[in-house]
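Visitor: I have a protein model open and would like to learn how to read it. Please take me through it feature by feature.

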Amino acid sequence: MSAREPGLAGEAGAADGQPGTAGQPGTAGPSGLPGLAGLAGAAGDPGTEKVEVYDTTLRDGSQQVGLDLTVADKLRVAVALDALGVDVVEGGWPGSNPKDAEFFARAADLPWAHAKLAAFGSTRPPRRTAEDDPNLLALLAAGTPIVTLVGKAWTLHVDEALRTTREENLAMVAESVRFMAAEGRRVIFDAEHFFDGYRADRGYALEVLAAAAEAGADTLALCDTNGGTLPDEAVRILGEVAAVTGTRLGVHFHNDSACAVANSVVAVAGGALHVQGAANGYGERCGNADLFSVIASLELKRGHELLPAGRLAALASTARTIAELANLPFESRQPYVGSSAFATKAGLHASAIARRPDAYSHIDPASVGNHAQVLVSELAGRSNVLAKAAELGLDLSGDPALASTILDQIKEAEHRGYAFEAADASFELLVRKTAGLLPAWFELEGYRVVIERGAADDRSEAIVRLLLGEQRVVAVGEGVGPVHALDQALRRGLAEVYPALAGIHLVDYKVRILDGRAATSAVTRVMLTSADAGGEWTTVGVSDDIVTASWEALADGIAYGLLRAGAAPLASPELTASGAPA
Ligand SMILES: [Zn+2]
């Protein structure tokens, strides 16, 4: 159980109506609706009442197409969320699939520091008892301190989806909540399609809330399941519900109108004390509310304390970690946490930014663990390159000739199709190589790739010839496709000399054809993201040929990984290229 007050007792007007707490059903409030008591001044001073942060990445967020977490990955995500300091981690729907049941069995052994675990499930089906419903029993068996029950709040769904009577739906809600509360669980009620239901039949939507509160739900989460609600309406409806409800209200928004974060922020400002969302805005269709943006906005701009003290600075790294666990490319434009969230392109501004960073960004990037990265591009001025190099710890200000050479090389490379905005590592390799600060870990003498297409499977074989100082190495690799085979061969050729390679792996590979019109002379750009335990980096390769472009990005990725690992080259004084654009 949470130590904090479950209802809104203490707020003016709530005193005469007991908030519905587990095992202590509420009494009729002044509205006449059982369990709903008057609530005045819900939008009290920000920060005076803790807003509960409820993460649903592992349940609702995992509905996103292409997001498929193993049980091990789900556990890692849970650990990351707990370390960040969210209050509740919703682990899944144990009644719906065996994977989620296994997750709950193993999650009990995690070293939880802050968060409480919630299991999610639906109210009992029509014409059945709660005690006999296998889904509710599976929910109970998950053994979580919190159970989140979803029930219908929209008459259309009761009539058409459940195909039962409205009275039976109210009974389903009440009996399911009462069953869980009687078992000692803290019950959160997710009122599905609440905003649509409220618009269609206000009275019935409120009756559903009252049924849940009276039966012992301590939080009523108003869900915008279709994601169509706009902020003004979200606030209006929340306010109207708060006026007749003595139970703590929460919100759950989807992003179909691009307002999920905005709705969540204004709802909390309007009195909601519980906010649901998913990491990086994951979720089906257009996603759930991005919990990280909600947290940052409310903490930095509304004075709420959602995370434990000092944890906000872990936001950016948590967002990346979860993206990596989800095996999804991290969106660089993601507000607050994206790598370009505070980046600016125009060379015009770089020197001004260096003088007054606060004049060009809405918050201090460091407050969420991000930084004001300055992007390189073909618009790059000299000051941009200097600032970017300084960010990498390379001071070029004392050598104007070197800075000019580097700038010329960047312009020339970008003209050929390179893009350094997202390929920090290739940029750094280029600067280091030009400055004579890049060790030659290996040199490519040549490679050969054979692609075999069979009836059952495709297989490629690569042979790479490398020079490691005086030593010549020939290595063979096999893989699914030529790039994979090249990667395997390269690693095999280097593994003995550079054991650090074992900790470096590929996380993302993107191909883009730069001139689709001239099909025969199209240029291929490959962006490749590699990672080690400490983070990830992106390299770029460009060529008329996709394998050559991939090789370049691959070799750069390995070289940069060796640079990060501090690997000593076999022949250090020789400063030749590893694959950076010449
Ligand atoms: Zn949802």
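Guide: We go from the whole chain to a sheet, some helices and a metal site.

Visitor: What kind of model is this, and how are residues numbered?

Guide: This is a predicted model, in which local features need pLDDT of at least 70 and side-chain atom pairs count only at pLDDT 80 or more, while totals for chains, interfaces and linings use all residues. Residues are numbered from 1 along each chain as its sequence is written, and side-chain values use heavy atoms, with hydrogens and water left out.

Visitor: How many helices and strands are there in the protein?

Guide: Both are DSSP runs numbered from the N terminus: helices are H or I with at least four residues, strands are E with at least two. The protein has 17 helices and 14 strands.

Visitor: What percentage of the residues is buried?

Guide: Buried means under 20% relative accessible area, exposed over 50%, and partly exposed in between, with a 1.4 Å probe and protein chains only. Of the 582 residues in the protein, 53% are buried. A contact means heavy atoms within 4.5 Å. Among contacts with a separation of 6 or more, 68% are between residues 24 or more positions apart.

Visitor: How do I read a sheet?

Guide: Strands of a sheet pair through backbone hydrogen bonds, either parallel or antiparallel. Here two strands pair if DSSP finds at least two bridges between them. One open sheet has three strands in the order E9-E10-E11, with antiparallel pairing. Its edge strands are E9 and E11, each pairing on one side only. Neighbouring strands of this sheet are turned by 10 degrees against each other on average, direction ignored.

Visitor: Which strands does E10 join, and by how many bridges?

Guide: Ten bridges link E9 (residues 443–453) with E10 (residues 458–468), and nine link E10 with E11 (residues 471–479). Across the E9 pairing, Val450 stands opposite Glu461. On the E11 side, Ile463 faces Val476 and Arg465 faces Val474.

Visitor: What lies between the strands of each hairpin?

Guide: The hairpin of E9 and E10 has four residues between its strands. The hairpin of E10 and E11 has two, and Gly469 there takes a positive phi near 65 degrees.

Visitor: Is Ser460 buried or exposed?

Guide: Ser460, found in strand E10, is buried, with a relative accessible area of 3%. Leaving aside neighbours within four places in sequence, Ser460 is in contact with residues including Val450, Ile451, Gly477 and Pro482.

Visitor: Which helix lies across E9 and E10?

Guide: An axis is a line fitted to C-alpha atoms, for helices over the stretch in contact, and angles run from 0 to 180 degrees between N-to-C directions. Helix H17 (residues 546–565) lies across both strands, running at about 130 degrees to E9.

Visitor: How do H1 and H11 pack?

Guide: Angles under 35 degrees count as roughly parallel, over 145 as roughly antiparallel, 65 to 115 as roughly perpendicular and the rest as oblique. H1 and H11 (residues 315–325) pack at about 175 degrees with their axes 10 Å apart, and are therefore roughly antiparallel. Their contact includes Val77 and Leu81 of H1 and Ile322 of H11. It divides into seven nonpolar, one polar and two charged residues; Ala, Val, Leu, Ile, Met, Phe, Trp, Tyr, Cys and Pro count as nonpolar, Asp, Glu, Lys and Arg as charged, and the others, Gly among them, as polar.

Visitor: At what angle do H4 and H5 pack?

Guide: At about 100 degrees, with their axes 10 Å apart, which makes H4 roughly perpendicular to H5. Thr155 and Val158 of H4 and Met172 of H5 are among the residues in contact. The buried residues of H4 (residues 155–162) are Thr155, His157 and Val158. Just after H4, Arg163 takes a positive phi of about 55 degrees.

Visitor: Which residues coordinate the zinc ion?

Guide: Donors are N, O and S atoms within 2.8 Å of the metal (3.2 Å for Na, K and Ca); water is not among the atoms, so sites may look incomplete. Asp60 (OD), His252 (NE2) and His254 (NE2) coordinate the zinc ion at 1.9 to 2.1 Å. Asp60 lies in the loop between E1 (52–55) and H1 (71–84), and His254 in the loop between E7 (248–253) and H9 (260–269), so the pair ties together parts 194 residues apart in sequence. Both Asp60 and His254 are buried.
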